[in-house]
Structure formats: structure tokens, C-alpha cells
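Visitor: I would like a close look at a single part of this model, followed from the inside outwards. Please take your time over it.

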Amino acid sequence: MSYGHYVLVVLSVCVYGSWQLLPLPDFIHPCKELSDECFTQATLDAIPGFVLGIPEAGIPTLDPLYLDQNISMTLPGNLKMTFHNAKLVGLSTCIPDKVSSRRKKRTFVFDMHCNFTVSGQYSLLGRLLLFNLDTEGQAKIKIYNQRIRLEVVERVVLNEKGEGHYKINSYKYKADYGTDLKLNLTNLIRGNPQISANVLQVLNSDSQALAKDFGGPILDYAIDYALNVTQRFFDAYTYDQISHVPLTEEFFEKEK
Ligand SMILES: *[C@@H]1O[C@H](CO)[C@@H](O)[C@H](O)[C@H]1NC(C)=O
Ligand SMILES: *[C@@H]1O[C@H](CO)[C@@H](O)[C@H](O)[C@H]1NC(C)=O
Ligand SMILES: *[C@@H]1O[C@H](CO)[C@@H](O)[C@H](O)[C@H]1NC(C)=O
Ligand SMILES: *[C@@H]1O[C@H](CO)[C@@H](O)[C@H](O)[C@H]1NC(C)=O
């Protein structure tokens, strides 16, 4: 190694030394043990602050969440529906019922329930009841007490500075659509508000099917987005900052 390289390495170690860690926000309460009680309480404590965003860590607001992709779904009867310019309100209402760590499987399990409201523009194409539809308008969907079980597989990766950071490897979730949902679509049958209202009423009478058809694709997006943001949080803060549980060998993985 040339002298120039050596100076560069020493400099970068100084500049990126651990004294430079971002201070942990005060709503993050690290656990000292792997108990459900601690993780559940820590998640409860973290949500209200976390959803507001952490600008210094590059973490955006999660509530409201502006959906920057069109969300398309095919409903029974080959009805195609697309949401655009949509906004999801409600991640801040999520209440963790139980959060547990299954360390052997490197998995965290979150059981929670939330209230969501989605609003935006929709377009609809296809056959619904007796009508051939090709329409668009404003959509508003309220989903009450949506239960979600989210399983996140993660490990701790050592970076070149020797600091451990959580990395989300994969996740899956299950939603219980036994929940209540109210759907409102303006201009459903073009130029006929009375029939539109009747059709909506019929749709809303099977809210369980609605929740699954409409709620599913929106939840897919929201959960994927929230986990992307969570990964940014893990990149910004070290394992030692956010957890006071000593790391054991099986949790580690050297960055390749
Ligand atoms: C989203 O949907 C709207 C309305 O259908 C359309 O005008 C727009 O091009 C779509 N955007 C993308 C990125 O597909
Ligand atoms: C959801 O809204 C209902 C009705 O307003 C309320 O009773 C319930 O406590 C709310 N749940 C959450 C998780 O905010
Ligand atoms: C649906 O939304 C429209 C426009 O915001 C409103 O006028 C109407 O009362 C709503 N209908 C229902 C059933 O909530
Ligand atoms: C999450 O991140 C992945 C990888 O960068 C990206 O492909 C995906 O679109 C992101 N999801 C959302 C909802 O923004």
C-alpha cells in the first residue's frame, strides 16, 4: 500500500469512526432481553414517533403514505380496477398486540391491528352485477381493525467498520379479512347517482370479500413500503444502539 493510500485509510477511519453514530431518537427503547413483553412495549412506544419520520436518518413520514405507484387489481368477474394518486392514512393507528422474537429462526413476529383509510382516484373496467363499466372517479375505502401477522426474517451483518446492522432477508404477512370495510366510489355508473348508490350498497353488503379484493393489494404495497423504510432505519442505527441483547454467533453474518 502506498503512503497516499495509508493516509486515506486513516482519514476515513477518523471521519467514519463510531463517534459519528446518529443519536437514537428518544422514542426507541432498546430491549435488554428477548421477552414478548419488552418487544411489544418497545413497538408500542416506537410507532407514534417512527411514523412521523426521522429526517436525519432519511426516513420519510409513513402516515399519510402517498402511494407513488398505480395499484391495479382484478376483481371477481374480471373487473379491472386501478388506484392512482392514492393516499393511505392509518399506519400510526397500528396497535401491536404481541411482538415476539424467535431468535433461532432469526424471525420477528408482529401481531397487530390497524385502521386504514385509502383515498384517491380510481378507474374501473369490466362487468359488475348487471353493468358493463368503463368509468373513473374518487374512491374512499375505510378498513376497520385490520388484523395483520407479519413475520420478518433478519440477521445482523457486520459492516467494514465492524458495526452490526440488521438486514431484513425476507418477510411474509397474513391478514385476517374478517374485518369491516366501507367502500365509496363516486361516478360508479356514469351519470346515474341513484343506481351508483344502489350498486355500492350491494358491494358493501359483502365487506369481507371486498376487504380481501381491495385491501390485499393495498396492504401489499403498504407493508412493502414500511419494511423498506424499516431497513433504512436499520442502516442508519447500529445493532448495539437499537438492541441491548448481546449478539450470539448464529445471528451474525459477515458482509460479502
Ligand atoms: C396510472 O394510472 C393513470 C390513470 O389510469 C394513468 O394515466 C397513468 O399513466 C398511470 N401511471 C403509471 C405509472 O402507470
Ligand atoms: C379503529 O376504529 C374503531 C372505530 O372508530 C375504534 O373503535 C378502534 O379502537 C380503532 N382501532 C385502532 C387500532 O385504532
Ligand atoms: C361517498 O362520497 C361522496 C363524495 O365525497 C359523498 O357525497 C357520499 O355521501 C358518500 N357516500 C357514502 C355512502 O358514504
Ligand atoms: C421496496 O424496495 C424495493 C427494492 O428497492 C423496490 O423494488 C420496491 O418497489 C420498494 N417498495 C415500495 C412499496 O416502495
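Visitor: How much space lies in the largest cavity?

Guide: The model is a predicted one, and in it the largest cavity holds about 900 Å³ of space. Of the 40 residues that line this largest cavity, Thr43, Ala46, Phe110, Thr230 and Phe234 are the closest to its centre. The elements that give two or more residues to its lining are helix H2 (36-50), S5, S6, strand S7 (164-176), H4 and helix H5 (239-242). Among these, H4 gives the most to the lining of the largest cavity, with 8 residues. By class, that lining has 34 nonpolar, 4 polar and 2 charged residues. A search of the whole structure for cavities of 30 Å³ or more finds 1.

The setting of this cavity can be described from the protein as a whole. Its secondary structure comes to 5 helices and 9 strands, and along the sequence these follow the pattern α-α-β-β-β-β-β-β-β-β-α-α-α-β. Of the 256 residues in the protein, 45% are buried. Among contacts between residues at least 6 apart in sequence, 69% join residues at least 24 apart.

From the cavity one may turn to the largest pocket, whose volume is about 260 Å³. Of the 16 residues that line this pocket, Pro76, Leu128, Leu203, Leu210 and Asp213 are the closest to its centre. Two or more lining residues come from each of strand S3 (79-89), strand S5 (107-128), helix H3 (193-204) and helix H4 (207-236). H4 gives the most to the lining of the largest pocket, with 4 residues, just as H4 gives the most to the lining of the largest cavity, with 8 residues. The pocket lining has 13 nonpolar, no polar and 3 charged residues.

Strand S6, one of the elements that give two or more residues to the lining of the cavity, can be followed through two of its residues. Thr135 lies in this strand, which spans residues 131-158, and Thr135 counts as buried because its relative accessible area is 2%, under the 20% limit. The side chain of Thr135 reaches the backbone oxygen of Asn187 at 2.7 Å. Not counting residues up to four places away in sequence, Thr135 touches Tyr122, Ser123, Leu124, Asn187, Leu188 and Arg190. Asn187 itself is found in the loop between strand S8 (180-185) and H3; its relative accessible area is 32%, so Asn187 is partly exposed, falling between the 20% and 50% limits. The phi angle of Asn187 is near 60 degrees, a positive value in a residue other than glycine.

The other residue of strand S6 to consider is Asn145. Its phi is near 50 degrees, again a positive value in a residue other than glycine, and at 41% relative accessibility Asn145 counts as partly exposed. Asn145 is one of the residues around ligand 2, which are Thr93, Ile95, His113, Asn115 and Asn145. An N or O atom in the side chain of Asn145 is 3.3 Å from a nitrogen atom of ligand 2, while a polar side-chain atom of Asn115 lies 2.3 Å from an oxygen atom of that ligand.

Ligand 4 has surroundings of its own, made up of Gln69, Tyr221, Asp224, Tyr225 and Asn228. A polar side-chain atom of Asp224 lies 2.8 Å from a nitrogen atom of ligand 4, and an N or O atom in the side chain of Asn228 is 2.3 Å from an oxygen atom of ligand 4.

Tyr221, one of the residues around ligand 4, is also in contact with Tyr66, as are Ala86 and Lys87, when neighbours of Tyr66 within four places in sequence are left aside. Tyr66 has its place in strand S1 (residues 65-67), and Tyr66 counts as exposed because its relative accessibility of 54% is over the 50% limit. From Tyr66 to Ala222 the separation is 156 residues in sequence, yet 9.6 Å in space, C-alpha to C-alpha. Pro64, which is found in the loop between H2 and S1, is joined to Asp63 by a cis peptide bond with omega of about 5 degrees.

Methods. Residues are numbered from 1 along each chain as its sequence is written. Chains are lettered from A and ligands numbered from 1 in the order in which they are written. This is a predicted model: local features need pLDDT of at least 70, side-chain atom pairs count only at pLDDT 80 or more; totals for chains, interfaces and linings use all residues. Side-chain values use heavy atoms; hydrogens and water are left out. Buried means under 20% relative accessible area, exposed over 50%, partly exposed in between (1.4 Å probe, protein chains only). A polar contact is a pair of N or O atoms within 3.5 Å; within protein, one must be able to donate a hydrogen and the other to accept it, and residues adjacent in sequence count only if both atoms are side-chain atoms. Contact means heavy atoms within 4.5 Å. On a 1 Å grid over the protein atoms alone, a cavity is a set of points where a 1.4 Å probe fits but cannot get out, and a pocket is an open set with protein on both sides within 12 Å along at least five of seven lines; lining residues have an atom within 4 Å of a point. Grid points are joined across faces, edges and corners, and a volume is the space filled by probe spheres set on the points. Ala, Val, Leu, Ile, Met, Phe, Trp, Tyr, Cys and Pro count as nonpolar, Asp, Glu, Lys and Arg as charged, and the others, Gly among them, as polar. A residue is near a molecule or strand if one of its heavy atoms lies within 4 Å of it.
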